[in-house]
Every structure is written in C-alpha cells, then in structure tokens.
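User: Can you walk me through this one? I'd like to go question by question.

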Amino acid sequence: MEVDMSDDKKTQDKAFEVALATRNFEIELFWKRSVFFWGFIASSFVGYASLIKASSGLSVVIACFGFVCSFAWALVNRGSKRWQENWELIVADLEDEVTGSLFTKRESKCKGTSWLSARNYSVSKVTIALSDFTVLIWLALIVWHVMRQFCSAQISESVVVLMISVASIIYAVLIAVKGRSSD
C-alpha cells in the first residue's frame, strides 16, 4: 500500500492551522474573561467606597464579594495562561514542517536604552500579578474591618494606608522583576 505524502502534509498543515487558531482564541478569551471580572470588581470598589461611611457591615459584605471575584479572576487567569501555553507548545511542535521556526525563533533584544523603550514583559504574567494584588487589597480591607470591629486595640486609618502604600511599592517592584517573559 502506497502512502500519499501529500495527505500527511495536508493533515499536518490543518493541525497547525487549528492549533494556531485555538492559541489565538485562548488569548482572546483571556482578555474577555478579564473584562468580565473587572466589571464585578470595579462595581465592588464603587459599592465599597459608597457604603464605607454609611454602613460598615454592608461595606464588608461588598468587600467579601470583591475578594471572591478577584480570587476567581486570579484562578481563571492562571487557567487561561495554562491553555495558551498548551496550544503554543502544540504550535511549536508542528511549525517546523509548516512554516519553519516562525514562533519559536526569538529575535535579539531591542536596542532601546531609554525607560520608554520596549521591554520583554509577559502581558499575561503582569495581568496575573494584578489579579493577585487585587485579591490582597480586598483581603487587607476585610482584615482591617474585622480588626476594627472585634479588637480592642484600634488600628488607625493612617497606619493602614501607610502599610498598603509600602506593600504596593514592594509589589510593583516584584512585578517588574518577576513579570518578564520566559524564553
């Protein structure tokens, strides 16, 4: 029985096409999911800010909702990134025979030296870091409310603001260091 190599090539080309389209679809879904979650998270921030003076108890409920939405967003981001990487590996396995090393080939660094020049950051890693930070902000607000409600030693608002500000700066530095794209 004779094997027609053109059928194998057609199958491989089709597999590459499907894998590439699915990878692109996963990237599109990553952003659509983020917008979906940000609708709930932004609404929670607005609701929290609106209710903080009028009803401390209800503002904690809103903060808990924002915390859960942010936590879900962080998990969904990781799941989306996992599927994107899965399809990128499949594309990389198929591409040599179809397009050559189009996606696996890495260009040398850009020559820019100013702070506005291009950098090798992973957009999805930075987004995951932002979703984690949002979780931490909600958690800090919830803990602050619980401590104000149930602890006899009152923590002043200025101490909380200072702690969150310092933690934010440290977290931003961590994003800059750990948010780089991997090879």
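Analyst: Sure, and one cut-off first: a residue counts as buried under 20% relative accessible area, exposed over 50%, and partly exposed in between. Keep in mind that this is a predicted model. With that cut-off, R23 is buried, as its relative accessible area is 17%.

User: What does the protein have in the way of helices and strands?

Analyst: Going from the N terminus, the elements run α-α-α-α. That leaves no room for strands in the tally, which reads four helices and zero strands.

User: What percentage of the residues is buried?

Analyst: The protein has 183 residues. Counting those under 20% relative accessible area as buried, the share comes to 26%.

User: Which residue does E88 meet in a salt bridge?

Analyst: E88 sits in helix α2 (residues 56-98), and its partner is in helix α1 (residues 5-51), 65 residues apart, so the pair links distant parts of the chain. The N to O distance is 3.4 Å, and a salt bridge needs a side-chain nitrogen of Lys or Arg within 4 Å of a carboxyl oxygen of Asp or Glu. The partner is R23.

User: Is E88 buried, partly exposed or exposed?

Analyst: Its salt-bridge partner R23 is buried at 17%. E88 has a relative accessible area of 27%, and buried would mean under 20% while exposed would mean over 50%. So E88 is partly exposed.

User: How far apart, N to O, are the side chains of R33 and E26 in their salt bridge?

Analyst: The two ends differ in burial: R33 is partly exposed at 28%, whereas E26 is buried at 12%. Side chains of opposite charge can pair when their charged atoms come close. For R33 and E26 the N to O distance is 4.0 Å.

User: Why are K32 and E28 separated by about one helical turn?

Analyst: These two side chains meet in a salt bridge at 2.8 Å, N to O. E28 is partly exposed, with a relative accessible area of 38%. K32 and E28 are about one helical turn apart because both lie in helix α1 and their spacing is four residues.

User: How many salt bridges does the count come to?

Analyst: The E88 and R23 pair is one of the bridges, and the K32 and E28 pair is another. By the rule of nitrogen within 4 Å of oxygen, the count comes to seven.

User: Which helix supplies the largest share of the lining of the second largest pocket?

Analyst: This pocket has a volume of about 170 Å³. Its lining includes F133, L136, I137, M163, I164 and Y171. Both α3 (123-150) and α4 supply at least two lining residues each. The largest share, six residues, comes from α3.

User: How many charged residues does the lining of the second largest pocket have?

Analyst: Among the lining residues are V143, A167 and S168. By class, ten residues of the lining are nonpolar and one is polar. The charged ones number zero, as the lining has no charged residues.

User: What is the area of the nonpolar surface patch made by L162, V166, I170 and L174?

Analyst: I170, one of the four, lies in helix α4 (residues 157-178). The patch that L162, V166, I170 and L174 make has an area of about 370 Å².

User: What is the C-alpha to C-alpha distance between I62 and I142?

Analyst: I62 belongs to helix α2 and is partly exposed at 23%. In sequence, I62 and I142 are 80 residues apart. In space, their C-alpha atoms are separated by 9.6 Å.

User: And where is I52 placed?

Analyst: I52 counts as partly exposed, at 24% relative accessibility. The C-alpha atoms of I52 and I62 are 9.8 Å apart, with the two residues ten apart along the chain. The place of I52 is the loop between α1 and α2.

User: What separates the C-alpha atoms of F45 and A63 in space?

Analyst: F45 is in helix α1 and partly exposed, with a relative accessible area of 28%. Along the chain, F45 and A63 are 18 residues apart. Their C-alpha atoms are separated by 7.7 Å.

User: Last one: how far apart in space are A92 and A19?

Analyst: A92 is placed in helix α2, and its relative accessible area of 22% makes it partly exposed. A92 and A19 are 73 residues apart in sequence. C-alpha to C-alpha, the distance is 9.6 Å.

Methods. Residues numbered from 1 in each chain as written. Predicted model: local features only at pLDDT ≥ 70, side-chain atom pairs only at ≥ 80, totals over all residues. Heavy atoms only, no water. Patch = residues over 30% accessible without salt bridge, like charges linked within 9 Å, V, L, I, M, F, W, Y side chains within 5 Å. Areas by Shrake-Rupley, 256 points an atom, 1.4 Å probe, with all protein chains shown as cover. 1 Å grid on protein atoms, 1.4 Å probe; cavity = no way out; pocket = protein on both sides within 12 Å on 5 of 7 lines; lining within 4 Å. Points joined across faces, edges and corners; volume = space filled by probe spheres on them. Nonpolar A, V, L, I, M, F, W, Y, C, P; charged D, E, K, R; others polar. Buried < 20%, exposed > 50% of the residue type's maximum accessible area, 1.4 Å probe, protein only.
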